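I opened this notebook to record how the helices pack and which side chains meet. The entries follow the order in which I looked things up.

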Amino acid sequence: MTTKKVSTGVAHKVPADLRKKLTSSTKLLEIWNDLTPLARNEWICWVISVKKAETREEHITRLGKQLLEGKRRPCCWPGCPHR
């Protein structure tokens with residue numbers, strides 16, 4: 001079994017649900033690993049900062065879509081307070 005390398009952020013590790021999404025597509029994982037550690041950190045924090053499971057699922061879906069569309073950071077979000 002080959003383990004796919006999923007790069008982390010500056011202050012955050014990639015949670016299992018996001019890791020599953022990122023490794024579901026070679027192209028998505030390639031884009032993710034090409035982001036800067038700070039940009040990855042912003043995406044991870046954007047995903048984990050919500051309170052409801054449904055919202056988190058929506059963020060993960062949107063993250064995948066937006067990365068494939070060329071976005072490098074979450075839009076309209078003040079940024080990670082943990083850095």
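Entry 1, helix 3 against helix 4. In this predicted model I began with helix 3 (residues 37-48) and helix 4 (residues 53-68), whose axes come within 8 Å and cross at roughly 150 degrees. Angles over 145 degrees count as roughly antiparallel, so I noted helix 3 as roughly antiparallel to helix 4. I then listed the residues in contact: helix 3 contributes Trp 43, Trp 46, Val 47 and Ile 48, and these meet Arg 56, His 59, Ile 60, Arg 62, Leu 63, Gln 66 and Leu 67 in helix 4. Sorted by class, this contact of helix 3 with helix 4 holds 7 nonpolar, 2 polar and 2 charged residues.

Entry 2, helix 2 against helix 4. Here I found that the axes of helix 2 and helix 4 come within 10 Å and cross at roughly 80 degrees, and the two helices are therefore roughly perpendicular to each other. On the side of helix 2 the contact is made by Lys 27, Leu 28, Ile 31 and Trp 32, and on the side of helix 4 by Leu 63, Gly 64, Leu 67 and Leu 68. By class I recorded 6 nonpolar, 1 polar and 1 charged residues for the contact of helix 2 with helix 4.

Entry 3, the largest nonpolar core. I looked up which of its 17 residues touch the most other members, and these are Val 14, Leu 18, Leu 22, Trp 32, Trp 43, Leu 63 and Leu 67. Two or more residues each come from helix 1 (16-22), helix 2 (26-34), helix 3 and helix 4, and helix 3 gives the most, with 5 residues. I followed Trp 32 further: leaving aside residues up to four places away in sequence, Trp 32 touches Val 6, Ser 7, Val 14, Leu 18, Leu 22, Arg 40, Trp 43, Ile 44, Leu 63 and Leu 67.

Entry 4, aromatic pairs. My search of the whole structure returned 1 aromatic pair, formed by Trp 43 and Trp 46 in an edge-to-face arrangement, with 5.5 Å centre to centre and 80 degrees between the planes. Because Trp 43 and Trp 46 are 3 residues apart in helix 3, about one helical turn separates them. I also checked burial, and both Trp 43 and Trp 46 are buried.

Entry 5, Ala 11. Finally I turned to the segment before helix 1, where Ala 11 lies; Ala 11 is partly exposed, with a relative accessible area of 40%. Ala 11 and Cys 45 are 34 residues apart in sequence, and their C-alpha atoms are 8.8 Å apart in space.

Terms used
Residues numbered from 1 in each chain as written. Predicted model: local features only at pLDDT ≥ 70, side-chain atom pairs only at ≥ 80, totals over all residues. Heavy atoms only, no water. Axes fitted to C-alpha atoms, helices over the stretch in contact; angles between N-to-C directions. Helix = DSSP H or I, 4+ residues; strand = E, 2+ residues; numbered from the N terminus. Parallel < 35°, antiparallel > 145°, perpendicular 65-115°, else oblique. Contact = heavy atoms within 4.5 Å. Nonpolar A, V, L, I, M, F, W, Y, C, P; charged D, E, K, R; others polar. Core = buried A, V, L, I, M, F, W, Y, C linked by side-chain atoms within 4.5 Å. Buried < 20%, exposed > 50% of the residue type's maximum accessible area, 1.4 Å probe, protein only. Phe/Tyr/Trp six-rings, centres within 6.5 Å; stacked < 30°, edge-to-face > 60°.
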